[in-house]
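Dear colleague,

I am passing on the structure below, and I would be glad if you could look through it alongside the notes that follow.

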Amino acid sequence: MTQAQLADLIGVTRQTVIAIEKGRYSPSLELAFQIARAFKVPLDSVFQYTPDEGEAP
């Protein structure tokens, strides 16, 4: 699947998909679920939360 195809499927721009891939943008929970659904995988296989150093888990 191309970035453009994913963007069309989840209703965002290709630039948003690129920013998510590069870690410059954190998607909303709703958008994260849409991305996981697009790939037919569980949410935690697409996104994982890693707390910053010093932040409580």
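To begin with helix 3, the side turned away from its buried residues carries Leu 29, Glu 30 and Arg 37, which are exposed. Please keep in mind throughout that this is a predicted model. The buried residues of helix 3 are Leu 31, Ala 32, Ile 35, Ala 36 and Ala 38; viewed down the helix axis they fall within an arc of 160°, so they line one face of helix 3. These buried residues pack against helix 1 and helix 2. Just after helix 3, Lys 40 adopts a positive phi of about 55°.

Helix 1 can be described in a similar way. Its buried residues are Leu 6, Ala 7 and Ile 10, and, seen down the axis of helix 1, they lie within an arc of 100°, so they too line one face of their helix. As background to both helices, an α-helix has 3.6 residues a turn, so residues three or four places apart point the same way. The buried residues of helix 1 pack against helix 2 and helix 3, while Asp 8 and Leu 9 are exposed on the face turned away from the buried side. Just after helix 1, Gly 11 takes a positive phi, here of about 80°.

How do helix 1 and helix 3 cross? The axes of helix 1 (residues 3-10) and helix 3 (residues 29-39) come within 10 Å and cross at roughly 120°, and because angles of 65 to 115 degrees count as roughly perpendicular, this crossing makes helix 1 oblique to helix 3. The crossing is right-handed. On the side of helix 1 the contact is made by Leu 6, Leu 9 and Ile 10, and on the side of helix 3 by Leu 31, Gln 34, Ile 35, Ala 38 and Phe 39; by class, this contact has seven nonpolar residues, one polar residue and no charged residues. Leu 9 thus takes part in the contact with helix 3, although Leu 9 is also listed among the exposed residues of helix 1.

Turning to helix 2 (residues 14-21), its axis and that of helix 1 come within 8 Å and cross at roughly 110°, and the two helices are therefore roughly perpendicular to each other. Here Gln 3, Ala 4, Leu 6 and Ala 7 of helix 1 meet Arg 14, Val 17, Ile 18 and Glu 21 of helix 2, and the contact comprises five nonpolar, one polar and two charged residues. Leu 6 of helix 1 takes part in the contact with helix 2 and also in the contact with helix 3.

With best regards

Definitions and conventions. Residues numbered from 1 in each chain as written. Predicted model: local features only at pLDDT ≥ 70, side-chain atom pairs only at ≥ 80, totals over all residues. Heavy atoms only, no water. Axes fitted to C-alpha atoms, helices over the stretch in contact; angles between N-to-C directions. Helix = DSSP H or I, 4+ residues; strand = E, 2+ residues; numbered from the N terminus. Parallel < 35°, antiparallel > 145°, perpendicular 65-115°, else oblique. Left-handed = near helix turned anticlockwise from the far one by under 90°. Contact = heavy atoms within 4.5 Å. Nonpolar A, V, L, I, M, F, W, Y, C, P; charged D, E, K, R; others polar. Buried < 20%, exposed > 50% of the residue type's maximum accessible area, 1.4 Å probe, protein only. Arc of directions from axis to C-beta.
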